[in-house]
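Reader: I would like to go through the charged pairs and the surface of this protein. Please take it step by step.

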Amino acid sequence: MSGFRLKCFGLLLLLVLLVCSSLDGCEGRKGKHWRRKSPSSSLARKKTRGKSGGGHNHGGGGGSGGHTSPPPSSNQSPCPVTGSPNATKPAIFDVLDFGAKGDGVTEDTKAFEDAWAAACKVEASTVVVPAEYEFLVGPISFSGPYCQPNIVFQLDGMIIAPTDAKDWSVGLLWWIEFTKLRGITIRGSGTIEGRGSVWWTNTKSDVDPINDELSLRTPQMKPTALRFYGSYNVTVTGITIQNSPQCHLKFDNCEAVQVFNVTITSPGSSPNTDGIHLQNSRDVMIHHTNMSCGDDCISIQTGCSNVNIHSVDCGPGHGISIGGLGRDNTKACVSNITVRDVNMHNTMTGVRIKTWQGGSGSAQSIRFSNIRVTEVQTPIVIDQFYCDKSSCKNQTSAVALSGIAYENIKGTYTVKPVHFACSDTSPCSDITLTGVELKPLQELYHMYQPFCWQTFGELYTPTIPPIVCLQNGKPAGNRILSDRDVC
């Protein structure tokens, strides 16, 4: 009787093994979201444009907002033990699966909006903009605050801006915006192409918008290419931003920002095309980035603190600037700014601080270190009489500037080595210079000597050329700061 039971048990065990092997690797245990890639997937629909890019795991088709998980990796057991936890698969939302064409002609804005709406619901999801495609996208906002955190925008293809005036609303300040998000990353090898030449043509000046003839077709307010607003833990890496109508990359009211391995490029003649613009943002790190543009490579405005910039190439452009601060009698507060290990070539200025007359507040604890300049018009500038109009009204109040260090700034200039123009009522104080060596590009040309006005501080080492106009010590009769001035 026992032999009969053993034989039955053996037959039952053999039957179980046969059933398991017939399930093609325990396909039924992969989870309800897993499916095989079908020939109708978005990669199969992809046009042949030369060498194929890397494969992508696509989400649910037809704008349904679903997603798929990739099959288990080779190091996973083909038949997991019942009850063992499976690793969470990343949620991938490819814009092609939401109807994007990627032919550079058909507008794909709706597909991008739908892909984002789906990704927004899933923590640590990824929106994929695949390589080998050009996506025509109109003004778009990828918005929170109710999105899940840590979303990745994987940009490997190209996003191009529309050039038809009907696609732009009057007064629109941005083209692509990410707003009120926690943990947003834009990464990849792709490009944001602003097609800004239609906005730059026949511009009256660096200040005025498009002239009357062009404004019949295009709004006067030129948009920023890529803007982040009110977001925490922001990363931008790997991508290229080029030919923006105005500023290329802007951070406003953001905290914990990282920008690295980014390329920003537009012609040196393009008006107001700042590379990176910071405003009301803190804890910012910008490094290993190349910028060529028609205005400041990096512009640091009021409300910024704890900004660290290093390993940056800048040129052509207007250099790296703090300000203009205090415009229209406003209060400006900037502190703890470090700019180091920067190469500048063929720029208007090198490191510059500029403020408007009539402003209040302060800019302090600023360090410029290890700056290499080549054919820069004026490498070191403080200008408390900044004015970008034909004339500005003289006013007595000013943003107070103090605690500014210049260390190891070396290279060639074409106009003037140093220009310190400080306020009569609020002189610059605690200005220090160490290892400053600036030589004219052409000795035969007439060059201006260093200029100082109401500038107080100390030369820690001799400078080339000698900056004898710097006044030692502190300004006499320093005024007591009012509540309007204190930051």
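Author: The questions below deal with salt bridges and one surface patch in a predicted model.

Reader: Which residue forms a salt bridge with R227, and how far apart in sequence are the parts that the pair ties together?

Author: The partner of R227 is D252, with 3.6 Å between the closest N and O atoms. R227 belongs to strand β11 (residues 224-229) and D252 to strand β14 (residues 249-252), so the pair ties together parts separated in sequence by 25 residues.

Reader: Are R227 and D252 buried or exposed?

Author: The cut-off for buried is under 20% relative accessible area. Both R227 and D252 count as buried.

Reader: Which residue meets both R352 and K354 in salt bridges?

Author: R352 lies in strand β23 (residues 349-355), and its partner lies in the loop between β18 (282-292) and β19 (298-300). The N to O distance is 3.0 Å for the bridge of R352 and 3.6 Å for the bridge of K354. K354 also lies in strand β23, and its pair ties together parts 58 residues apart in sequence. The shared partner is D296.

Reader: Is F451 buried, partly exposed or exposed?

Author: F451 is found in strand β30 (residues 451-453), and together with F385 and W453 it makes a nonpolar surface patch of about 280 Å². Buried means under 20% relative accessible area and exposed means over 50%. The value for F451 is 34%, so F451 is partly exposed.

Reader: How many salt bridges does the structure hold?

Author: The pairs discussed here include R227 with D252 and R352 with D296. For the structure, the count of salt bridges is 10.

How values were computed. Residues numbered from 1 in each chain as written. Predicted model: local features only at pLDDT ≥ 70, side-chain atom pairs only at ≥ 80, totals over all residues. Heavy atoms only, no water. Patch = residues over 30% accessible without salt bridge, like charges linked within 9 Å, V, L, I, M, F, W, Y side chains within 5 Å. Areas by Shrake-Rupley, 256 points an atom, 1.4 Å probe, with all protein chains shown as cover. Salt bridge = Lys/Arg side-chain N within 4 Å of Asp/Glu carboxyl O. Helix = DSSP H or I, 4+ residues; strand = E, 2+ residues; numbered from the N terminus. Buried < 20%, exposed > 50% of the residue type's maximum accessible area, 1.4 Å probe, protein only.
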